Amino acid sequence: MQTRVSSMEDIKDSLQRAQPRVVPLVLLKVFVLFLPLGVGFSALSLYMTRNLKVQNVVFQARAGFQPCVEEQSSLDWWIRPPSNLMHNMSDEELLWRASFVPQVKKYPFKRVPKIAFMFLTRGPLPLSPLWEKYFKGHKGLYSIYIHALPSYQGNFTSDSVFYRRQIPSKVSEWGQMSMCDAERRLLANALLDLSNEWFVLLSESCIPLSNFSIAYQYLMRSRHSFIGAMDDPGPFGRGRYDLNMAPEVNITQWRKGSQWFAVSRKPAVSMVKDTTYYPKFEKFCKPNCYVDEHYFPTMLTIESPHLLANRTITWVDWSRGGAHPATFGRADITETFLKSILEGTTCPYNNQSISVCHLFGRKFAPSALEPLLQLAPKMLGFS
């Protein structure tokens, strides 16, 4: 019996001595089995990481995104204009953001003031070749913003000044508050660039009537913004006033003017931040009260009349009568016609009388482009 017990103990001792040799062998087999799988997964992960990174860079480049190099604590981050005009802010968020005003008037960086050219259009800009020549050689002194129908996608090439200058938009209708909304949307987007000092509203039928240098000096030296604000006692002026506008707007404050304005930064901020007069005009200035002719002229007359020149710098011809001004095509564009616009008038400028009254003109049909390009060097001062 003793011999049997000894034999069992000997067997156990033998198994214990053999165990360390068996376990490493099993682990080695498992390692050899899974080694190719691990190498395969590592290679696949590396490939996918690199491929996705490249695709992300390509996507960002195509979408116009730029990586943020400076931290938010850097001044450059705050003063740099948006690299991509297309954003997902609501109108409420956009107007709130655009209403930010520095309280220290002296800029702590070298600021070159620019003119923001804001095109309010339904779609294409048929006169864009003329504007391309107008802007040529003046990079850094202007910005361009386009508000078109949401469905419109511009096909400008990458070398065009209009390339990727379209802002998020909504449908706007003539004579409706949606037209003023579009104008405020343009102003708000332009205000996000701290270097924009003047804001000019234009349509697809507008043309320049001088070279860029004249327009730049004209606006930068002006002490007043150019927006018509006429007190018209007739049926198309005070006759459109609704008594429900009071007390925010009294009939003696009611004004009328052209929607095509050129305003400096201070009035522009007032136009986007307004929450006092907007609800009244939205509710009570309905057709035949064309709100785009009354809202801004009235609001700015109440808020800051001393800043207004009370005239427009966009020439237009109403002599033919009707609800819309005259439109000019190929047959109208002659030297004599352009001279009639440019010469023979005087107007107030910084409390003095001058002969340069209009920097822009409308309405010009697409057919007017070719003769305008031919006459621009001689008559308009640029080529």
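Which residue forms a salt bridge with Glu248, and how far apart are the closest N and O atoms? The notes below start there and then work through the rest of this predicted model.

1. The partner is Lys280, and the closest N and O atoms of the two residues are 3.4 Å apart. This pair ties together distant parts of the chain: Glu248 sits in the loop between H6 and E5, Lys280 belongs to helix H8, and 32 residues separate them in sequence. Glu248 has a relative accessibility of 30%, so I'd call it partly exposed. Lys280 comes out at 17%, and because the cut-off for buried is under 20%, it counts as buried.

2. While you're looking at helix H8 (residues 278-284), find Lys283, which is also placed there. Lys283 is exposed, at 58% relative accessible area. Its C-alpha lies 8.9 Å from that of Met245, though the two residues are 38 places apart in sequence.

3. Overall, the structure holds nine salt bridges. One of them joins the side chains of Glu197 and Arg111, with an N to O distance of 2.7 Å. Here too the pair links distant parts of the chain, 86 residues apart: Glu197 is in strand E3 (residues 196-203), while Arg111 is in the loop between helix H3 (91-98) and strand E1 (114-120). Glu197 is partly exposed at 22%, whereas Arg111 is buried at 18%.

4. Another salt bridge runs between Glu335 and Lys378, whose closest N and O atoms are 3.1 Å apart. This one connects two helices, with Glu335 in H10 (residues 335-342) and Lys378 in H11 (residues 369-380), 43 residues apart. Glu335 is partly exposed, at 29% relative accessibility, and Lys378 is exposed, at 59%. There is also a network worth pulling up on screen: Asp91, Lys170 and Arg185 are joined by salt bridges that share partners.

5. Now for a charged residue without such a partner. Arg255, in the loop between helix H6 (212-220) and strand E5 (262-264), is buried yet has no salt bridge. The nearest side chain of opposite charge is that of Asp231, 4.0 Å away. What the Arg255 side chain does reach is the backbone oxygen of Thr252, at 2.9 Å. Leaving out neighbours within four places in sequence, the contacts of Arg255 include Ala229, Met230 and Asp231, and also Glu293, His294, Pro297, Thr298 and Thr301.

6. Helix H5 (residues 177-191) is a handy sanity check. With 15 residues at 1.5 Å a residue, H5 should span 21 Å, and its end C-alpha atoms are indeed 21 Å apart, so the two agree. Of those 15 residues, 14 are buried, which means that H5 is largely enclosed by the rest of the structure.

7. Finally, a word on confidence. The mean pLDDT of the protein is 87, and 81% of its residues reach 70 or more. The weak spots include residues 1-8, where pLDDT stays under 50 and the model has zero contacts beyond four places in sequence. Residues 18-23 are also below 50, and that stretch has one contact beyond near neighbours in sequence. Where pLDDT is low, the predicted coordinates should not be read in detail.

Conventions. Residues are numbered from 1 along each chain as its sequence is written. This is a predicted model: local features need pLDDT of at least 70, side-chain atom pairs count only at pLDDT 80 or more; totals for chains, interfaces and linings use all residues. Side-chain values use heavy atoms; hydrogens and water are left out. Helices (H or I, at least four residues) and strands (E, at least two) are DSSP runs, numbered from the N terminus. Buried means under 20% relative accessible area, exposed over 50%, partly exposed in between (1.4 Å probe, protein chains only). Lys and Arg count as positive and Asp and Glu as negative; His and the chain ends are not counted. A polar contact is a pair of N or O atoms within 3.5 Å; within protein, one must be able to donate a hydrogen and the other to accept it, and residues adjacent in sequence count only if both atoms are side-chain atoms. Contact means heavy atoms within 4.5 Å. The expected span of a helix is 1.5 Å times one less than its number of residues. pLDDT is the predictor's confidence in each residue, from 0 to 100.
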